[in-house]
Amino acid sequence: MINYDNGDPKRIQHTTKVHAYASLIGMGEGLDEETQFILESAALVHDIGIRASEKKFGHQNGKLQEQEGPAVARDLLTRIGGYTEEQIERICWLVAHHHTYHASDDLDYQILIEADFLVNLYEDNESKDAIQAVRKNIFKTQSGMKMLDDMFNGNK
């Protein structure tokens, strides 16, 4: 993804941060090895639809990312190799739903959403009220909530 987003440090840094947080939350929640692999792969390609959306529509948003991302992710993952068809299907499903916050109760899906929010809340300089609303309405995992609390509330 660093190569894919060549010349766009903001997107590269966003992707690497989401991946790092997804990895940490997944480990904290005790995901099995297969689910952790799928989660981390999805975290790396979760925003892969941005460039395709901008090219096709002249702009991008969460819904367009979900719409355009899976085909691009599938192509990339297939070219890279090392993924089964089932893994690619799951990763593409996660990409296609990472801005739809109540599509599934699956833990890999929940963790991807939480990791993306951890990064977006900071990058968008969200208010304390917005952060608390996201905590109440979006976050479900103990590891994600602890990370959110440690990141934004500290020991104050």
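**Close-up of Gln-87 in helix 5.** Here we look at Gln-87, which sits in helix 5 (helices are DSSP runs of H or I with at least four residues, numbered from the N terminus). This is a predicted model, where local features need pLDDT of at least 70, side-chain atom pairs count only at pLDDT 80 or more, and totals for chains, interfaces and linings use all residues. Residues are numbered from 1 along each chain as its sequence is written, and side-chain values use heavy atoms, with hydrogens and water left out. Gln-87 is buried, at 8% relative accessible area (buried means under 20%, with a 1.4 Å probe and protein chains only). A polar atom of its side chain lies 2.8 Å from the backbone nitrogen of Thr-84. Beyond four places in sequence, Gln-87 is in contact (heavy atoms within 4.5 Å) with Glu-34, Phe-37, Ile-38 and Gly-82.

**Close-up of Asp-108 in helix 6.** Asp-108 belongs to helix 6 and is buried too, with 7% relative accessibility. Its side chain makes a 2.6 Å polar contact with that of Arg-90 (a pair of N or O atoms within 3.5 Å, one able to donate a hydrogen and the other to accept it; residues adjacent in sequence count only if both atoms are side-chain atoms). Leaving out residues up to four places away, Asp-108 touches Thr-35, Ile-38, Leu-39, Arg-90 and Leu-94.

**Close-up of the largest nonpolar core.** This core has 36 residues (buried Ala, Val, Leu, Ile, Met, Phe, Trp, Tyr and Cys joined through side-chain atoms within 4.5 Å). Val-45 and Phe-117 are among the members touching the most others. Helix 6 gives the largest share, nine residues.

Notes. Buried means under 20% relative accessible area, exposed over 50%, partly exposed in between (1.4 Å probe, protein chains only). Helices (H or I, at least four residues) and strands (E, at least two) are DSSP runs, numbered from the N terminus.
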